[in-house]
Amino acid sequence: MSDVVEPGLELLDRQNRFVSEHLRQVFRQIYRIVRNVADAQDLTQETFIKALQRQEQLKDDQKAVQWLLRIATNTAIDFIRRNSRVSFSEIEDYPLSQAESPETLVLRSEHSDYLADGLRLLSPRERAALMLRDVEDLPAEEVARRLDCSKATVRSHIANARNKLKRYVEGRKR
Amino acid sequence: MRATKHPSEATLALHAGGDLGPIARWRTERHLRQCELCQEEVAAFQGVRQMVSDLSAMPEIPWNRLASEMQANIRLGLAAGECVREPQPVMTGLARFSGPRAILALASLTAVVAAGLILQRPTPAPADRMMLQATANGIQVRQGSEVMGMTHDAGIRNVSYTANTQGSIGESFVDPVTGDVTVRSVSW
């Protein structure tokens with residue numbers, strides 16, 4: 001007989017609410033780092049499972065969100081370390097906008113592939129730092145909190161990332 | 001014109017995104033006002049930032065469907081986690097004394113035994129040292145092979161002894177039969 005205890009309704013309700021409230025934020029952050037909807041979906045689930053397994057640490061709402069987003073960042077970084085690949089192949093399943101013409105989608109897809117190649121040159125932490133700073137537009141202090149490192153380290157990651165991408169763009173132009 | 005040192009690529013990369021501190025920013029701006037080469041570098045970094053910010057576009061996600069799918073999967077994941085989680089072993093009997101606990105317990109035991117052996121070991125008295133010893137019916141002072149002692153009858157009880165460091169010993173007692181009080185003292 002299984003000794004798994006079914007969580008009570010109240011606990012279940014609280015867990016569902018926690019997932020619903022933070023799903024978009026967590027998913028968006030992970031997606032920005034891994035750039036793939038299916039992977040982002042799996043990693044979002046993984047993030048919530050990790051967080052809910054230690055839910056006794058989730059008493060303070062403000063800290064809980066920061067902690068959750070840090071788990072999300074680390075989960076995405078670990079994923080990139082394990083699978084050093086980037087895929088932009090979900091356009092058919094998840095169109096960027098239903099109003100866009102097929103030509104626009106193709107151009108966007110090519111542009112995405114071009115960017116994906118550039119992003120592959122970055123280390124997982126450089127990539128996460130760049131995404132959080134330049135795409136999410138978070139201040140360096142917040143990026144440091146999410147990556148669990150100092151502001152100086154974040155600046156170093158960002159400078160390296162911009163340098164690598166600049167060289168990549170210059171190399172492609174030649 | 002005074003030759004100026006160019007800021008590093010990292011500094012220009014950070015400047016392009018407004019990520020420098022106030023002093024470094026002021027110094028870099030001052031340099032940029034007179035250096036076209038670095039202005040071009042900063043422009044290139046800003047182009048890269050622009051390109052990266054294009055990644056902010058999110059695909060259309062059916063959030064409601066995703067939320068319910070995820071809630072179900074997360075519930076399943078949590079339940080699976082519970083199944084595979086190793087139960088915390090209840091420490092009973094000898095299990096308490098495994099690993100570091102066993103090492104610590106063994107070390108403590110060894111220390112106690114060693115201390116006992118050291119304390120138990122009779123220390124041989126140097127030949128010239130004066131020693132006070134109890135005997136079956138009195139006390140004695142021994143120095144090397146010479147002995148000086150005091151004895152009393154076996155029936156005498158409650159004898160009080162005195163000794164001093166100069167080698168003098170004494171005894172006093174009350175004879176239980178006669179009631180006589182005896183006080184004796186001898187010196188080396």
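In the predicted model, A76(A) is in contact with I30(A), I33(A), V34(A), L43(A) and A128(A), its neighbours within four places in sequence being left aside. Two of these partners, I30(A) and V34(A), belong together with A76(A) and A129(A) to the residues that touch the most other members of the largest nonpolar core, a set of 49 residues. Helix α1(A) gives the most to this core, contributing eight residues. In soluble globular proteins, nonpolar side chains tend to be buried together.

The secondary structure of chain A consists of seven helices and zero strands, so that the pattern read along the sequence is α-α-α-α-α-α-α. Of the 174 residues in chain A, 36% are buried. Among contacts in chain A with a separation of 6 or more, 64% are made by residues 24 or more positions apart.

Chain A also meets chain B, with 37 residues of chain A in contact with 35 residues of chain B. On the side of chain A that touches chain B, two or more residues are given by each of the elements α1 (9–34), α2 (37–53), α4 (102–119), α5 (124–135) and α7 (151–173) of chain A. Helix α1(A) thus appears on this side as well as in the nonpolar core, to which it gives eight residues. Classified by residue type, the side of chain A that touches chain B comprises 19 nonpolar, nine polar and nine charged residues.

In chain B, three strands form an open sheet in the order β4-β5-β6, and the pairing is antiparallel. The edges are occupied by β4 (160–163) and β6 (181–187) of chain B; each has a single partner strand, and therefore one side of each is left without a neighbour in the sheet. Neighbouring strands of this sheet are turned against each other by 10 degrees on average, direction ignored. Between β4(B) and strand β5 (residues 168–174) of chain B, which run antiparallel, there are four bridges. T162(B) has G170(B) of β5(B) as its bridge partner.

Chain B further contains helix α5 (residues 100–120), which has 21 residues. At 1.5 Å a residue, α5(B) should span 30 Å, and this agrees with the separation of its end C-alpha atoms, which are 30 Å apart. The number of buried residues among the 21 of α5(B) is zero, and the helix therefore lies largely in the open; burial here requires 20 or more other C-beta atoms within 10 Å of a residue's own.

Technical notes. Residues are numbered from 1 along each chain as its sequence is written. Chains are lettered from A and ligands numbered from 1 in the order in which they are written. This is a predicted model: local features need pLDDT of at least 70, side-chain atom pairs count only at pLDDT 80 or more; totals for chains, interfaces and linings use all residues. The expected span of a helix is 1.5 Å times one less than its number of residues. A residue is buried if 20 or more other C-beta atoms lie within 10 Å of its own, exposed if 12 or fewer, and partly exposed in between; C-beta atoms are placed from the backbone. Two residues are in contact if their C-beta atoms, placed from the backbone, lie within 7 Å. Two strands pair if DSSP finds at least two bridges between them. Axes are lines fitted to C-alpha atoms, for helices over the stretch in contact, and angles run from 0 to 180 degrees between N-to-C directions. Ala, Val, Leu, Ile, Met, Phe, Trp, Tyr, Cys and Pro count as nonpolar, Asp, Glu, Lys and Arg as charged, and the others, Gly among them, as polar. A nonpolar core is a set of buried Ala, Val, Leu, Ile, Met, Phe, Trp, Tyr and Cys residues joined through C-beta atoms within 7 Å.
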